[in-house]
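Hello,

Please find the structure below, with the notes I made on it afterwards.

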Amino acid sequence: MSDRTERSEGRESVPSQRRTSDRPVLSVEDLTVTVGTRRGPAHAVAGVSWQVRAGETFALVGESGSGKSMTLLAATGLAPRAATVTGRVRLLDSELTALPDDRRRRLRGRHVGFVFQDPMTSLNPVLPVGRQVTEAAEEHLGLSRRAARDRAVELLDLVGIPSAARRVDAYPHQFSGGMRQRVVIAMALACEPDLLIADEPTTALDVTTQAQIVELVADLQQRLGTAVVWVTHDLGVVAGIADTVAVMYGGRIVEQGPVDAVFDTPTHPYTRALLAARPDPSRRGEDLVAIPGAPPSPLDLPPGCAFWPRCPVRADPRCAHELPPLTPVGDGHTVRTFYPGETP
Amino acid sequence: MARFVLRRVLQSAVVLLGVTLVVFLLLQLVPGDPVRVALGTRFDPQTYEALRARAGLDQPLPVQYASYLGHALTGDLGVSFRTGQPVSRIVLERLPATLSLAVTAVVFALLVAFPLGIVAAVRSGSAVDHAARVFSQFGVSVPDFWMGIMGILLFAGVLGWLPPSGYVALTDDPGRWATHVALPAVTVGLVTASILTRFIRSSVLEVLSADYVRTAEAKGLRNRVVILRHVLRNALIPVVTVVAVQLASLLGGVIVIEVLFAWPGIGRLTFDAVQARDYPVLQGAVLLVAALFLLVNLLVDILYARLDPRITVR
Ligand SMILES: Nc1ncnc2c1ncn2[C@@H]1O[C@H](COP(=O)(O)OP(=O)(O)OP(=O)(O)O)[C@@H](O)[C@H]1O
Ligand code: SF4
Ligand SMILES: [Mg+2]
């Protein structure tokens, strides 16, 4: 009981602290992920750097297969066994990449919450939802089973599940998709994490529910001051909730910067194509519309600019042979192309 | 739950009725006259007719079947053509031998297959995984009677640790029962274990790649907790069925093994009844096996409903 009082006091005081803090919650430096496959090494992530601060939302966008999920999984020690990860990842004060698995596991559980794409498959079908929501808190905060159950009700209530006290012992199949994603969000928040990683959390949901989930996370972030990394195909969501956005292409970040800057003055030909492809910027729920051609295979990344085969600018043969450097084009706004802002 | 059980029991009764009909009809098709076989060299027409009449074999088929059913309902399954003893007693006498062999074999198989299958999946590609694959391959491809003979030669012959064959009832002398059951149970159990190992391995492997396992890992749970609470709880649900099917088939008696080890169980009884054309005994044995099979199935359904919350029982 005392446990709970302490916790709720803690929760109210934390946000202000967190918002004033300026050090990054997570910083990723030159991360590469190479997955060994039967057909050779796949360069899923080919050197990315970014960071996210407390209270801030960092959006990661890009076509399917561009390496968004792999970046996040590798950064938090969840990459598949066949993957080799290099680079430096810092979570709060710890250098994650230098830690043994067990330390990294405990830091991840305690400080990072995950929301995955498909709420129909990301919950264990044979465990009551309440148990799943708080098992991380049992593990990392030493909550007793009893305290954990009370906390589960509290969390389910927080994410807007009606009659939480009654539903805490229900199983996932007894919830709709949107409600399950709320359960997953409650689960991600169980240890009051400093960082929430949401990997396409609304892709599997219908449009109305998508909007509700986006709103819920934005609201919780306001109240809890959590740093959020949001992976999405939906540029409307990026414009609505993100502070910073990074556009990934072929395992690399091709453009990164404050959302306003990137949306107002998109500089990389790929970003420009993405934004131009949106039929109506005010409309939500649009996937990235296809740009002619296909993204490069991670098994066979070109030596130069990965976008070259599809690039409408393509001004120079050196695009094909030489990797363009990340160039600053504004305040915190960087871009990886030889021809920033060029139109065909 | 009570209604579910009641409904399933009624269903089982209907199936059992069907079994009696099928067995009854099949026996009509088998060539050979059981009464003639029973009389052997003592054949004379008068005794023959008298025996046929006593067994009701001179009646039309539907009458024979109805009378068989009527008696069966009261527990009277007729008398053996060969010994004249009541079939129900003969069959029930053989039950403990088969039951104790089947259960011991399955317990042995579980003790081997669970750790082996789970470790093979969790450490797939490791030495344990390869060992498990060789073991399963061996178990399913080597005939059980050959394994039984090798077992007898080694443990009874060369080493002299175990008796080569024979049966002692568990209730008479547990120690001697154990030494007698060891060889046949391990022989049968090895085959079951190799089937189970394979199945458990693939079931665990499949669950390991499930999204909810990644969710559990993302929570920073200890590996042991992820495996026990999230992987095994899901992976073992389908294993229940396979274990039950194995157990049920062993309850039918393992004819070759029971004959090889002189184990007086249902399998041995069936074998002898077929050879002697002792139809009432054969019918009784098949009926008992079918009843056991249905019972195991019923228990599995109940267990399933307990293990998997997605199954609702009504
Ligand atoms: N387990 C794996 N083994 C081999 N390659 C993998 C594995 N997981 C991902 N990859 C490869 O890594 C690359 C990056 O995949 P990733 O899942 O990060 O893409 P993504 O940007 O998240 O795409 P999506 O929008 O479809 O989720 C892909 O080309 C994919 O083929
Ligand atoms: S570097 Fe060349 S090919 Fe690549 S995006 Fe810029 S202009 Fe296009
Ligand atoms: Mg992804």
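**Strand 9 of chain A and its neighbours**

In chain A, A:L60 has A:A246 of strand 9 standing opposite. Please keep in mind that this is a predicted model. The pairing behind that contact is between strand 3 (residues 57–61) and strand 9 of chain A, which are joined in the parallel sense over 4 bridges. Strand 9 of chain A also pairs with strand 10 (residues 252–258) of chain A, antiparallel this time and through 6 bridges. In that second pairing, A:V245 has A:G257 in strand 10 as its bridge partner. Strands 9 and 10 of chain A make a hairpin with 2 residues between them. In the turn, A:G250 has a positive phi of about 55 degrees.

Strand 9 of chain A (residues 244–249) has 6 of its 6 residues buried, so the strand is largely enclosed by the rest of the structure. The burial applies to both faces: A:T244, A:A246 and A:M248 are buried on one side, and A:V245, A:V247 and A:Y249 are buried on the other.

**The open sheet of chain A**

Chain A also has an open sheet of 4 strands in the order 2-1-4-5, with antiparallel pairing. Its edges are strand 2 (40–53) and strand 5 (94–95) of chain A; each has a single partner strand, so one side of each is left without a neighbour in the sheet. Strand 1 and strand 2 of chain A are paired in the antiparallel sense over 11 bridges. One of the pairs across them is A:L31 with A:V48, the latter in strand 2 of chain A. As a general point, the strands of a sheet pair through backbone hydrogen bonds, in either the parallel or the antiparallel sense.

**Ligand 1**

Ligand 1 has 15 residues around it, and the closest are A:S64, A:G65, A:S69, A:M70 and A:E200. By class, this shell divides into 5 nonpolar, 7 polar and 3 charged residues. Strand 1 (24–37) of chain A, from the open sheet, and helix 2 (68–75) of chain A each supply at least two residues of the shell. Helix 2 of chain A gives the most, with 3 residues.

Backbone atoms of chain A lie at these distances from oxygen atoms of ligand 1:

- A:G65: a backbone N or O atom at 2.8 Å from an oxygen atom of the ligand.
- A:K68: a polar backbone atom at 2.9 Å from an oxygen atom of the ligand.
- A:G67: a backbone N or O atom at 3.0 Å from an oxygen atom of the ligand.

Taken alone, ligand 1 exposes 640 Å², and the protein buries 66% of that area.

**Two single residues in chain A**

A:Q221 sits in helix 8 (residues 207–224) of chain A. A:Q221 counts as buried because its relative accessibility is 11%, under the 20% cut-off. The side chain of A:Q221 reaches the backbone oxygen of A:T226, at 3.1 Å.

A:P303 is in the loop between helix 11 (269–277) and helix 12 (318–321) of chain A. With a relative accessible area of 61%, A:P303 is exposed. The C-alpha atom of A:P303 is separated by 52 Å from that of A:R151, and the two residues are 152 apart along the chain.

**Chain B**

The secondary structure of chain B consists of 13 helices and 0 strands. Of the 314 residues of chain B, 42% count as buried. Along the principal axes, the C-alpha atoms of chain B fill a box of roughly 85 × 60 × 35 Å.

Two kinds of annotation for chain B come from an unreviewed UniProt entry. The first, "domain: ABC transmembrane type-1", covers residues 95–304 of chain B. That span is 82% helix and 0% strand, with its end C-alpha atoms 27 Å apart. The second is "transmembrane region", which UniProt places at residues 99–122, 134–161, 181–200, 235–261 and 281–304 of chain B.

I looked at two of these regions in the model. Residues 181–200 of chain B are 100% helix and 0% strand, and the end C-alpha atoms are 26 Å apart. Residues 235–261 of chain B are 85% helix and 0% strand, with the end C-alpha atoms 36 Å apart.

Regards

Note on methods
Residues numbered from 1 in each chain as written. Chains lettered and ligands numbered in written order. Predicted model: local features only at pLDDT ≥ 70, side-chain atom pairs only at ≥ 80, totals over all residues. Heavy atoms only, no water. UniProt positions renumbered as here; feature names shortened; annotations may be inferred. Near = heavy atom within 4 Å. Polar contact = N/O pair within 3.5 Å; in protein donor to acceptor, adjacent residues only side chain to side chain. Areas by Shrake-Rupley, 256 points an atom, 1.4 Å probe, with all protein chains shown as cover. Nonpolar A, V, L, I, M, F, W, Y, C, P; charged D, E, K, R; others polar. Buried < 20%, exposed > 50% of the residue type's maximum accessible area, 1.4 Å probe, protein only. Pairing = 2+ DSSP bridges.
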